[in-house]
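Biologist: I should like to take a close look at a single part of this protein. Please describe the sheet in the later portion of the chain and whatever packs against that sheet.

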Amino acid sequence: MPTDKEIKKDFKKKASADPDKYYATSVLKEEGFERKQCSNCGTSFWTVNPDQDHCGDPACSGGFRFFEGTPAKNKLDYIEVWKRFSQLFKKWGYTPIERYPVVARWRDDADFVQASIYDFQPYVVSGEVKPPANPLVVPQFCLRFNDIDNVGITGAHYTGFVMIGQHTFVPPEEWNQAKYFRDIHNWLKQGIGLPNKEITFHEDAWAGGGNFGPCMEFFSRGLELGNQVYMMYEVTPSGPKELNLKVLDMGMGHERNAWFTLGKSTSYETTFPTVCKKLYNATGIKVDNDIMKRFLPYSSYLNVDEVEDINKTWQEVAGKVGVDVKELRDKILPLAALYSIGEHTRSLLFALSDGALPSNVGGGYNLRVILRRALSLIDRHDWNIYLPEVARWHADYLKPLFPELSENLDAVENILDVEKNKYEATKQKTNSIVKGIIEKDEKIEEKKFLELYDSQGISPEIIREEAKKLGKRVDVPEDFYANVAELHQRKEQEHATEKEEKLPLEGIPDTVALYHDDYCCIEFEAVVLKIIGNNVVLDQTAAYPTSGGQLHDRGTLNGERFIDVFKQGGRIVHVMENNPSFSEGDHVKGEIEFESRKQLSQHHTATHIVNVAARRVLGKHVNQAGAKKTEEKAHLDITHYQSLTDEELKMIEDGANKIVKENLPIRKFFLPREEAEKKYGMAIYQGGAVPGKMIRVVEIPEVDVEACGGTHLNNTGETGEIKIIKTNKIQDGIVRITFVSGKAAKKEEKEEEQIVEQAAAILGCDIDQVPCRAEELFKLWKKVVKKKKKVDSTELCRTDRFEGDIAAKTADILRTQPENIIKTLTRFRKEVDEASK
């Protein structure tokens, strides 16, 4: 199969050979545009200017050329761009919709939304699900991390940006490419007030996600304002195939349109103008408008992704600006740092508000990259800038467009403060690490920078400053952060690769699941459709397959025991203990082990309850990152930026049991995906992406709503007492809460009582005196044993849990690590007794 790049290249040639078939040339001709070929790059373009011989791309036309007088008649600030755009497109028959969260919970192939079309992939684009409106426009905030090093320098690059999307999803007979193109052309003319002589259209092609089609880009004065993709074909092994549903995918830069109409020196000053002013005031930086006016037309040349020698390019740009390269760097780099801080904080505000967390894994890795880059730039310039305050400035400015950003500012501040503390801790260990490298006279090359950042979290700016203190010069690669993001993405992809064995079930219809409506459904009749060894597929079953973190049911078919149940596609497979005596086509009676089913259902419902209780206690950033439910116990992995305190655990447990005691009804029903998303939002995807046209919704009214396929109780009271056993941080940004409910909770309580009785017997005291007597024993052990003999690290690892307020901690240790404390108390008592003799 060819790559997307190869498909795009080949199709661009094909489309340009027959433009009337693939582009809205009739509209262009009506408007007086003429087709030409760029004298520099060879691209086919359309213009009304008879003397124009270049395509309008900044590389072919001399950079950005709109600063000394933008040709746009309508001056639109950042807030006004979307308001004007949505008003006009509503008039032209489109429905404006609210943005989707930038955290792409509905997808299993992406952490963040990178383009407005991500909102509608894969189900809307495939035609499986209806769009929320058709046609529609959306101001979608997106995150991309391939341009981190360019942010601030070029005046146009971002890690987070709003892509204004113009979309429609229709069958081929309803496709109206001329209208779609005319609408976006009318935006350029009526929306921002451009005459045709200031607009250049490029013929191009697009490929990605198994689809491809022609694309028309639109430029003015060297700036690409947007592009309109016509998704028409599917990539198949036998060649291109026309899509059943044709898709319009227009993406336009919100930031660029505001920048262009106002003609300011950088797009940051038009994207977050109030934030820029406050940053100037906080740092005392003043913009040299004369140099900036001369520099900005060529700033795009400093794109580190497109130049081989960045230092040489700086020299060339300095020559064009007419100043020494050192003077140019001294003027531009502090400003670039300031804009980067503002830009990165805005990206973090959106991501954290939508439920993401910085971490050392997954999408959170890149959030930490830009956060630490912002902090290191603050350190490097010795600025007094507090990122949570910058986030509040952004939220205040964006309130007319995105009021939801102001709702979670306290949580955003907490997260940024915790990350700052981690950053400071990293800085403290950097000195000795860098000193060791310098003393070895080891040259720090890019590979070493990447290794130190990836394994230790040490940014190159910190290394450079520490080396400077030691009298050494260290050169940081200009594209370092882009390389970090690419390295981590490659690691994630390698980690995700796994092999899956499958049974040959082609032609077997999907199994009807009978367990969705009532967890008490444990008896059923069915027809045997397929037997492969001891694997049995029925036409319908009440047996729940292992999925969604819930363990499978056990039971019998015609009295013969099945020990496992799993799902392959839409078929449910029963794994029999032995090869079955019945045959394909036979009718069988099935029965599920009810006690097991009930306990699993209690633990699954308890998972939903604990999840919402944790969100109420810790904040809206809490989401389910994973879960497992067995008969013995359950655990819930939540997104949270630090370990939980005893007080927080108690509040979560109390909150969960309050929901249980309220005996609230639990509703389980199916909705079309688009209806469920419209009614409840994307937060329903707590357990990850859910496939299919129909979504099963599990709702505790006024408390919680999730898309979930597991077995659930009929009301919260059936859950029984929820008892949190322990909590631990399983990875950066993920905290695990282990708990039991129902019968398992009673069993846990009984075992706890036995442990406490055992501890009381060792200590020779009543049960209620165990914590205090344990503290006394520990103090005595330290006095008569620890000070007289060497204790190895393993013993210290166990005993240092008793340091501090022993009486307060002992009860928790008894509950979370009973085996450890009983062993430790026994050893303490024995050694104290021996020492006393």
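Modeller: Two strands are said to pair if DSSP finds at least two bridges between them. This is a predicted model, and in it β23 and strand β24, residues 734-741, pair in the antiparallel sense over 8 bridges. One such bridge can be located by residue: Lys729 has Val735, in β24, as its bridge partner.

These two strands belong to an open sheet of 4 strands. Reading across the sheet, the order is β18-β19-β24-β23, and the pairing is antiparallel. At the edges stand β18, residues 624-629, and β23, residues 722-731, each of which pairs on one side only. Neighbouring strands of the sheet are turned against each other by 20° on average, with direction ignored.

Two helices may now be added to this picture. Helix α20, formed by residues 594-618, lies across β18, β19, β23 and β24. Here β19 covers residues 634-639. The direction of α20 is at about 135° to that of β24. Helix α21, formed by residues 646-661, also packs on the sheet, where it touches β23 and β24. The angle between the directions of α21 and β23 is about 135°.

To follow the description in the structure, begin with Lys729 and its partner Val735, and then trace the strand order from β23 through β24 and β19 to β18. Finally, find α20 lying across β18, β19, β23 and β24, and α21 touching β23 and β24.

Methods
Residues are numbered from 1 along each chain as its sequence is written. This is a predicted model: local features need pLDDT of at least 70, side-chain atom pairs count only at pLDDT 80 or more; totals for chains, interfaces and linings use all residues. Side-chain values use heavy atoms; hydrogens and water are left out. Axes are lines fitted to C-alpha atoms, for helices over the stretch in contact, and angles run from 0 to 180 degrees between N-to-C directions. Contact means heavy atoms within 4.5 Å.
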